[in-house]
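Hi everyone, thanks for coming. I'd like to walk you through one structure today, starting with a small puzzle and then widening the view. Here it is on the screen.

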Amino acid sequence: MEPGMISKKDLLQHTGISYGQLYRWKRKNLIPEEWFVRKSTFTGQETFFPRDKILARVERILSMKDGDASLDDIAEAVSPDLGGISLTLAEVAERGIASEAAIGVFRSAHPDAAALVFGELVSLYVVDKLLGTGDVSLEEARSVLATLEEQFGAFEGSDGDLVCVRKMGVSVCGLVTSSAELRLESAARLVARVNLQESVEALSARL
Amino acid sequence: MAENGTNNMKIAGEGSVGGGTYGNVTINGAGRVTGDITSDDFRINGAGSADGNVASLMIDINGSGSFNGKVETKEMNIKGDATVKQGLGVSDLKVKGRLSAGGIAANTVDVRGEVRVKANLEAESLTGEGAFHVDGTVNVGTLDFALHGLSNAREICGDKVRITLGRGFVGASLIGLFTDRRLTVDTVEADEVTLENTTAKVVRGVNVRIGSGCDVALVEYSGTIDVASDARVGESRQVVKA
């Protein structure tokens with residue numbers, strides 16, 4: 001079995017949840033379809049999940065259920081409908097969504113922007129995260145922002161990762177589906193890989 | 001129910017109409033809607049088709065209906081034959097006759113006849129008798145289905161799954177005369193599983209009953225198991241529940 005994956009059987013044993021619960025949560029979109037990864041094994045087909053993600057999600061659902069939240073409330077919390085939200089750059093700074101440096105990158109790309117809608121906030125949040133860890137330079141942050149703005153829509157409804165690759169000082173960034181495995185030539189280095197769905201969730205927790 | 005106004009539209013005889021927002025849409029005879037439509041009540045008596053997406057509080061089909069786009073509705077009643085090429089999102093779905101859809105997400109589904117789904121069928125409750133053909137996964141809270149023909153699915157999973165051999169319903173003699181009554185499925189996974197006349201590779205559950213006429217390669221259960229004397233089970237193992 002691949003590292004980082006957990007089989008369905010192990011997941012149920014580990015968390016103590018039932019088939020009924022697991023599939024009910026899937027029907028309610030509490031667990032995204034992409035996390036159900038079917039693989040052939042010697043006993044036939046088995047389903048695997050990204051281990052850290054599914055364990056964190058199950059724990060979150062169970063703890064919210066303990067607080068008497070309905071499944072619909074939990075669905076709202078894990079995949080909130082934030083389409084209507086709009087913040088000004090001042091509010092972004094005030095709420096600590098992004099640092100001055102990240103806001104500066106955004107400003108240089110959109111000098112006239114007054115308010116940011118959710119998609120732009122996510123892009124900004126990812127840029128800020130990358131700058132914060134020091135993984136990317138300001139110049140690279142600009143291309144990350146541009147890539148996210150151009151390509152984010154293509155991943156609507158499914159899970160994607162932003163990847164940033166550097167070879168001999170030249171960097172390239174792009175989006176891949178989150179379950180995709182990436183192999184690079186030996187001279188190239190994967191500088192950063194950020195999951196967009198997690199960023200959306202982390203961001204919505206701050207809004 | 002007049003959420004979309006009182007702009008009613010009626011086709012009597014034969015005709016076509018463009019899309020738009022309507023109160024009640026009624027097709028008596030043969031009619032066609034050429035664009036996206038939003039309505040309170042969409043009714044076909046005869047033969048109707050819609051080229052675009054349909055969003056309606058109620059959809060009633062007596063005869064035949066064909067939808068080329070997506071369909072979203074609270075309540076859908078089919079008496080006859082309906083085809084939804086893309087996804088069907090419906091709260092309560094009743095089929096008497098035949099329905100084929102790209103995918104179905106529903107709260108309750110009741111089938112007397114046959115349902116065919118290209119992708120997945122998701123419902124809190126799926127009941128009925130007849131046959132179902134699902135190329136993807138059937139994900140249900142409760143499944144209670146009586147077989148009157150050949151049925152198949154790649155995977156059935158959920159809370160309670162109960163498949164029985166259909167007995168004595170009026171159409172049964174018609175369908176049942178010519179075909180075997182059997183469900184073929186790769187995997188069944190649910191907490192409570194009861195099966196009859198089912199061929200499966202793997203059945204996993206807490207409490208599992210493998211009834212008469214079943215042929216299952218592997219059963220994994222964590223609670224109880226019951227195998228009928230005329231069922232074939234290749235291997236059964238008890239697994240430890242955490």
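Which residue in β11(B) is the bridge partner of Thr199(B)? Keep in mind that this is a predicted model. The residue we want is Asp215(B), which pairs with Thr199(B) as its bridge partner in β11(B).

Let's step back to the strands around that pair. β10(B) and strand β11, residues 215-221 of chain B, run parallel and are joined by six bridges. β10(B) also runs parallel to strand β12, residues 225-227 of chain B, this time with three bridges. If you want a spot to click on there, Arg209(B) stands opposite Asp226(B) in β12(B).

Now for another neighbour of β10(B). Eleven bridges link β9(B) with β10(B), and these two run parallel as well. Here you can find Leu195(B) opposite Ile210(B) of β10(B).

As a general reminder, side chains in a regular strand alternate between the two faces of the sheet.

On to the contact between the chains. Chain B brings 15 residues to it, and chain A brings twelve. On the side of chain B that touches chain A, four strands each supply at least two residues: β7 (121-147), β8 (150-165), β9 (182-195) and β10 (198-210). So which strand gives the most to that side? That would be β9(B), with five residues.

And the chemistry, since I know you'll ask: the chain B side that touches chain A is made up of six charged, five polar and four nonpolar residues.

That's my tour, and I'm happy to rotate the view for anyone.

Note on methods: Residues numbered from 1 in each chain as written. Chains lettered and ligands numbered in written order. Predicted model: local features only at pLDDT ≥ 70, side-chain atom pairs only at ≥ 80, totals over all residues. Contact = placed C-beta atoms within 7 Å. Nonpolar A, V, L, I, M, F, W, Y, C, P; charged D, E, K, R; others polar. Pairing = 2+ DSSP bridges.
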